[in-house]
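Here's a quick briefing to read with the model open beside you. It goes through a pocket, some helix packing and an aromatic pair.

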Amino acid sequence: MPPKFHGVDFSGNHKMWRPGCRRSNVWVATAELRAGRLHLTALRPVQDLPGTLHPFDRLAAFLSDDNYCAAAIDAPFALPSRHMPAGGFPVLLGDVARFATERRPFAKGGKLVEYGKSIASLVEKKPLRKTEQVWRDRGVNVRSTLWDRPRGGAPFTVANLTLLRRAGRPVWPWTRSGPGLLVESFPAGQLRQWSLPYKGYDGPNGRVTRITILEEVASRIHVPDRLYSRFKESADALDSVLCLFAGIAAIENIAPIEDSAIAKHEGWIAVHPDRDSSMRW
């Protein structure tokens, strides 16, 4: 079988995961490496994954059972070091798994904020991890994992930590090899890394910008005609494709980490550093 990768554009809004949701912003891209070139083979909202389980459970089972090299997810994988438990990442996953979910697939963001504050008091309103601060310094908008108000990252984070625990696969950068390696990605950061437009490409008003991005990304991955319309019309679908490159970078061990010591505590966002589409294996 050719090497396979998944990219997941994520959401902390439980409504986007409902079985009947027709405007879901959770998309899953799948690509295979064939003769040194990446080929997009599937691009679908999470509700279109096979099975009859709740879509969140379906994605967890998909990531747990499928045969792939890496899956990159656009959501935070940890908290700022000050708010991480003494046992580190594995303890964080176990603690979050015990949060009350109130009949939702994952707990509310406020539960994670309470948890982080129980470990250490907040010294700023929206604390950032080092990897998030790196991107903010480069002009890219980021969300705090311990902010549960509008534009906050707490709902994303608690949902993703729940997913990571359920998937039960190795997680980068704590583990550096697969198969089934789960990797934190950030589409806006990937675009900024490649010096492409990284703002204002969502919605009808962002269509022209989205097409500009598509022309560049299409040089890195073959997109069949049957998937191109989804790729073009949905920024969320585009983001899931961009996530693929974070997984590739992690597997190829070329994802830049500016602070390895910090990354051992609070993880790191992976991006693919190269502008060309060549694969190294």
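A pocket here means an open set of grid points, where a 1.4 Å probe fits, with protein on both sides within 12 Å along at least five of seven lines. Keep in mind that this is a predicted model. With that in hand, the largest pocket holds about 980 Å³ of space.

**The largest pocket**

- There are 38 residues lining the largest pocket, and the closest to its centre are Asp74, Arg143, Arg151, Phe156 and Asp239.
- Three elements are worth highlighting on screen: α5 (154–167), α6 (187–193) and α9 (235–251) each give two or more residues to the lining of the largest pocket.
- Helix α9 supplies the largest share of that lining, with three residues.
- Sorted by class, the lining of the largest pocket is a mix of 15 nonpolar, 13 charged and ten polar residues.

**α3 against α5**

- Helix α3 (residues 109–119) packs on α5 at an angle of about 90°, and the two axes are 7 Å apart.
- Angles of 65 to 115 degrees count as roughly perpendicular, so α3 and α5 fit that description.
- On the α3 side, the contact uses Gly109, Leu112 and Val113, while α5 brings Ala154, Pro155, Thr157, Val158 and Leu161.
- You won't find a charged residue in the contact of α3 with α5: by class it has six nonpolar, two polar and no charged residues.

**α2 against α5**

- Helix α5 also meets α2, with axes that come within 9 Å and cross at roughly 105°.
- That crossing makes α2 roughly perpendicular to α5.
- From α2, the contact takes in Phe89, Leu92, Leu93, Gly94, Val96 and Ala97; from α5, Val158, Leu161, Thr162, Leu164 and Arg165.
- In the contact of α2 with α5, eight residues are nonpolar, two are polar and one is charged.
- Val158 and Leu161 of α5 are worth clicking on, since they appear in the contact with α3 and also in the contact with α2.

**Aromatic pairs**

- Searching the whole structure turns up nine aromatic pairs.
- One of them is Phe89 with Trp174, a stacked pair at 4.0 Å centre to centre with 10° between the planes.
- Phe89 sits in helix α2 (residues 89–97) and Trp174 in the loop between α5 and β5 (181–184), so this pair ties together parts that are 85 residues apart in sequence.
- Phe89 does double duty here: besides stacking with Trp174, Phe89 is among the α2 residues that contact α5.

Key:
Residues are numbered from 1 along each chain as its sequence is written. This is a predicted model: local features need pLDDT of at least 70, side-chain atom pairs count only at pLDDT 80 or more; totals for chains, interfaces and linings use all residues. Side-chain values use heavy atoms; hydrogens and water are left out. On a 1 Å grid over the protein atoms alone, a cavity is a set of points where a 1.4 Å probe fits but cannot get out, and a pocket is an open set with protein on both sides within 12 Å along at least five of seven lines; lining residues have an atom within 4 Å of a point. Grid points are joined across faces, edges and corners, and a volume is the space filled by probe spheres set on the points. Helices (H or I, at least four residues) and strands (E, at least two) are DSSP runs, numbered from the N terminus. Ala, Val, Leu, Ile, Met, Phe, Trp, Tyr, Cys and Pro count as nonpolar, Asp, Glu, Lys and Arg as charged, and the others, Gly among them, as polar. Axes are lines fitted to C-alpha atoms, for helices over the stretch in contact, and angles run from 0 to 180 degrees between N-to-C directions. Angles under 35 degrees count as roughly parallel, over 145 as roughly antiparallel, 65 to 115 as roughly perpendicular and the rest as oblique. Contact means heavy atoms within 4.5 Å. Rings of Phe, Tyr and Trp (its six-membered ring) pair if their centres lie within 6.5 Å; planes under 30 degrees apart count as stacked, over 60 as edge-to-face and the rest as tilted.
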